[in-house]
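I opened my notebook to look up a few things in this structure. Come along and check each entry against the picture.

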Amino acid sequence: MVENVREPFAPARILGIESSCDETAAAVIENGRGLLSSVVATQIDLHAQYGGVFPEVASRQHILTIYAVVEQALKQAHMRLTDLDAIAVTRGPGLAGSLVVGMNTAKGLALASNLPLIGVNHLEGHIYSSWVYPAENPDPPAEPQFPLMALLVSGGHTELNVMTDHLTYQRLGSTLDDAAGEAFDKVARLLGLPYPGGPSIQKASANGNPKAYNFPRSRLEGTWNFSFSGLKTAVLRVVRELEASQRQLPVEDLAASFQAAVVDVLVSKTLAAARAHQAKQILVAGGVSANKALREAFMEQKEFDVHIPSLSLCTDNAAMIASAGYFRFVLGQHDPLNLDVMPTWPLS
Ligand code: KG4
Ligand code: ZN
């Protein structure tokens, strides 16, 4: 564990590499925050035909793309490997075959250039996306302040963590079943909407009535855990009833009502946790933080300042890995070349 990290930190430029799921990404970050370049090659079109990520197809596509992505990230940053201080790479959690591609690429580059290798937790990366801003911006946005209540909402994880300092996480609770993003993806499939489900539900919701269906909000009082499987089943029940009576699915109303239930639970629990733990600010991270209704709900409340990454940094990218890698680098983390991937690696 890393404790009592204090500024000022040493200047450094880090190349980040991310390949944990279906995005191949590379980025260069200066001093932990300044974004010099970020390249993301998405495989969404490739997996859409399967309705989700096909692991073997994902890892083979990473192999085809990763060197070009890294080259482009260096080119956009006007840098060579010799201008860098370290290489940070996602070690886990994620799909084993996908992680291995990024890991081996990072090792090859580290070996060839004699740069330190730094393995980064993907979830920590998502959290650090709130530290990133475009390097050319003369007026950097304020950094998140500790103690921070961090809500992590991605395709595989939904959890609340208190951060009292850099790289320090105390997990308060997590989902007992589906992650929020997973619930979006599964409900989208039920409604016949394309993969990935989150953006599809958001789009359909724009023309729907969020009060058309009063779907259940599982609050799990007395804990900081979440549960979305009851909500998913409630949507399934309505869909089955409508289909049995051969009525057309009111897809937009169903999507909007489902989204409203998810947003309601995520926002109310995060605010309650922030109050209970005397957090100074809130941070929201992970793919679901791209959701417009969720962003608006957090921004409408005035009790806490809320950090949510810019849209391009919400879903998987390598800038967040380079940023988290920087904070590990300045603390002296330097991993060996036999570093293995960790497909199930908790944050705390
Ligand atoms: O963080 P991420 O890109 O990958 C993981 O680490 O899992 O998150 C992907 C998840 C998917 O479940 C996707 O449906 C969801 O984020 N997502 C959204 C939106 N954009 C992506 N969910 C709701 N609304 C969105 N706009
Ligand atoms: Zn992610």
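Before I start, one term: a polar contact is a pair of N or O atoms within 3.5 Å. I also note that this is a predicted model.

**Entry 1: polar contacts of ligand 1**

I started with the backbone of G181, where an N or O atom lies 3.1 Å from an oxygen atom of ligand 1. That distance is within the cut-off of 3.5 Å, so I wrote the pair down as a polar contact. Next I looked at G198, and I found one of its polar backbone atoms 3.0 Å from an oxygen atom of ligand 1. With H126 it is the side chain that takes part: a polar atom there lies 2.9 Å from an oxygen atom of the ligand. I then looked up how much of ligand 1 is covered: on its own it has 560 Å² of accessible area, and the protein covers 87% of that.

**Entry 2: the surroundings of ligand 1**

Which pocket does ligand 1 take up? I found that its space is the largest pocket. There are 19 residues around the ligand, and H126, G155, D185, Q202 and G287 come nearest. I sorted the shell by type and got 4 nonpolar, 13 polar and 2 charged residues.

Which helices each supply at least two residues of this shell? My list reads α4 (122-128), α5 (180-190) and α6 (197-205). The largest share comes from α6, with 4 residues.

**Entry 3: the zinc ion**

H126 turned up again here. The zinc ion (ligand 2) is coordinated by NE2 of H122, NE2 of H126 and OD of D316, at 2.0 to 2.1 Å. Along the chain, I read the spacing of these donors as H-x3-H-x189-D. H122 belongs to helix α4, while D316 sits in the loop between α10 (311-314) and α11 (319-329), so this pair ties together parts that are 194 residues apart in sequence.

**Entry 4: backbone details in loops**

Last, I went through some loops. Where is P147? I found it in the loop between β6 (133-134) and β7 (148-153). A cis peptide bond joins F146 to P147, with omega about -5°.

P196 is in the loop between α5 and α6. The bond from Y195 to P196 is cis, and I noted an omega near -5°.

I closed with L167, in the loop between β8 (158-163) and β9 (170-174). L167 is not a glycine, yet its phi is positive, at about 60°.

Note on methods:
Residues numbered from 1 in each chain as written. Chains lettered and ligands numbered in written order. Predicted model: local features only at pLDDT ≥ 70, side-chain atom pairs only at ≥ 80, totals over all residues. Heavy atoms only, no water. Near = heavy atom within 4 Å. Polar contact = N/O pair within 3.5 Å; in protein donor to acceptor, adjacent residues only side chain to side chain. Areas by Shrake-Rupley, 256 points an atom, 1.4 Å probe, with all protein chains shown as cover. 1 Å grid on protein atoms, 1.4 Å probe; cavity = no way out; pocket = protein on both sides within 12 Å on 5 of 7 lines; lining within 4 Å. Sits in = over half its atoms within 2 Å of the grid points. Nonpolar A, V, L, I, M, F, W, Y, C, P; charged D, E, K, R; others polar. Donors = N, O, S within 2.8 Å, 3.2 Å for Na, K, Ca; no water.
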